[in-house]
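User: I am new to this structure and would be grateful for a close look at a single part of it. Please describe that part, and what surrounds it, in one connected account.

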Amino acid sequence: MVVGLTCRVGRAVTGHVDMVRDLLNYKESILFLGRPGVGKTTVMREIARVLADEFQKRVVVVDTSNEIGGDGDIPHAAIGGARRMQVAEPSMQHRVMIEAVENHMPEVVIVDEIGTEAEAQACRSIAERGVMLIGTAHGEHLANIIKNSTLSDLIGGVETVTLGDEEARARRSQKSILERKAPPTFPFLIEMRERHYWVTHRTERSVDMLLHGKKPLVEVRKRDNKFQVVIERWETYDGDGL
């Protein structure tokens with residue numbers, strides 16, 4: 001007996017990619033953070049279309065829950081010329097990600113809702129092969145990912161380092177400190193605070209500054225009253241501290 005039904009309707013919103021179009025030109029991986037319902041999947045759909053049709057890239061969408069390309073054998077026209085790989089079981093997403101790179105020669109891989117350690121490791125493997133990644137994860141702030149042992153590898157991982165007496169005095173810090181372990185899988189990280197209010201990080205720089213107790217330089221991207229994209233550079237980052 002059915003006691004409840006949740007019906008979600010995906011929307012193809014053209015023009016949404018204008019918030020990050022300049023970042024796509026860098027050909028570097030981008031991770032989107034945000035609470036459920038803020039529009040992460042909608043952005044994935046539009047980025048897939050723009051990269052495939054306007055940038056003429058070979059784009060593969062790893063569509064675990066059919067939220068990006070829609071249910072059915074033929075993907076929705078909203079993703080343009082991007083290819084879609086469906087995933088039979090959510091637990092198999094990391095294997096399909098690797099298969100996409102090994103068998104389909106993509107220039108860009110798009111994956112929604114990275115949530116397990118295996119998926120984070122698959123992302124690193126894909127990035128090390130020179131493939132651009134566009135991904136999403138749940139979490140409101142960069143600090144949420146830094147503290148999350150499952151997903152912290154996406155931003156380079158965190159390890160405890162013990163300093164010598166002289167180094168600790170020079171830094172004016174404790175002897176045991178937190179340091180970034182490796183280069184981040186995603187050079188850009190975007191916190192989607194609201195549908196039209198995004199905070200953009202240069203991941204490597206922001207993670208290092210947060211671990212050292214400082215506030216990183218970020219870009220605030222939003223739309224004004226005329227719906228034009230406005231980019232502001234702010235020194236004071238108001239995300240959660242560590």
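Analyst: Asn66 lies in the loop that joins strand 2 to strand 3, strands (E, at least two residues) and helices (H or I, at least four residues) being DSSP runs numbered from the N terminus. Although it is not a glycine, Asn66 has a positive phi of about 60°. The model is a predicted one, in which local features need pLDDT of at least 70 and side-chain atom pairs count only at pLDDT 80 or more, while totals for chains, interfaces and linings use all residues. Residues are numbered from 1 along each chain as its sequence is written, and side-chain values use heavy atoms, leaving out hydrogens and water.

The two strands beside this loop belong to an open sheet of 9 strands, whose order is 3-2-4-5-1-8-9-10-11 and whose pairing is mixed. Two strands pair if DSSP finds at least two bridges between them. Strand 3 (83-86) stands at one edge and strand 11 (229-234) at the other, each pairing on one side only. From one strand to the next, the twist averages 20°. Axes here are lines fitted to C-alpha atoms, for helices over the stretch in contact, with angles from 0 to 180 degrees between N-to-C directions.

Within the sheet, strand 4 (residues 108-111) and strand 5 (residues 132-138) run parallel and are joined by 4 bridges. At Val109, the bridge partner in strand 5 is Leu133. Helix 2 (residues 40-54) packs on the sheet, where it touches strand 1 (30-34), strand 2 (59-63), strand 4, strand 5, strand 8 (188-194) and strand 9 (197-202); the direction of helix 2 makes about 170° with that of strand 5. Helix 7 (residues 203-211) also packs on the sheet, touching strand 8 and strand 9, and its direction makes about 85° with that of strand 9.

Thr41 is part of helix 2. With 14% relative accessibility, Thr41 counts as buried, because buried means under 20% relative accessible area, exposed over 50% and partly exposed in between, for a 1.4 Å probe and protein chains only. Leaving aside residues up to four places away in sequence, Thr41 touches Glu67, Ile68 and Asp112, contact meaning heavy atoms within 4.5 Å.

The loop between strand 4 and helix 4 holds Glu113. This residue is not a glycine, yet Glu113 has a positive phi of about 60°. Glu113 is partly exposed, with a relative accessible area of 36%.

Helix 4 (residues 117-128) has 12 residues and reaches 17 Å from its first C-alpha to its last, close to the 16 Å expected, a span taken as 1.5 Å times one less than the number of residues. Glu119, Ala120, Ala122, Cys123, Arg124 and Ile126 are buried in helix 4. These buried residues pack against helix 3 (93-104), strand 4 and strand 5. Just after helix 4, Gly130 takes a positive phi of about 85°.

A view from the other side of this packing is given by Ile98, which is in helix 3. Ile98 is buried, with a relative accessible area of 19%. Not counting residues up to four places away in sequence, Ile98 touches Ala122, Ser125, Ile126 and Arg129. By contrast, 27 Å separates the C-alpha atoms of Ile98 and Glu140, which are 42 residues apart along the chain.
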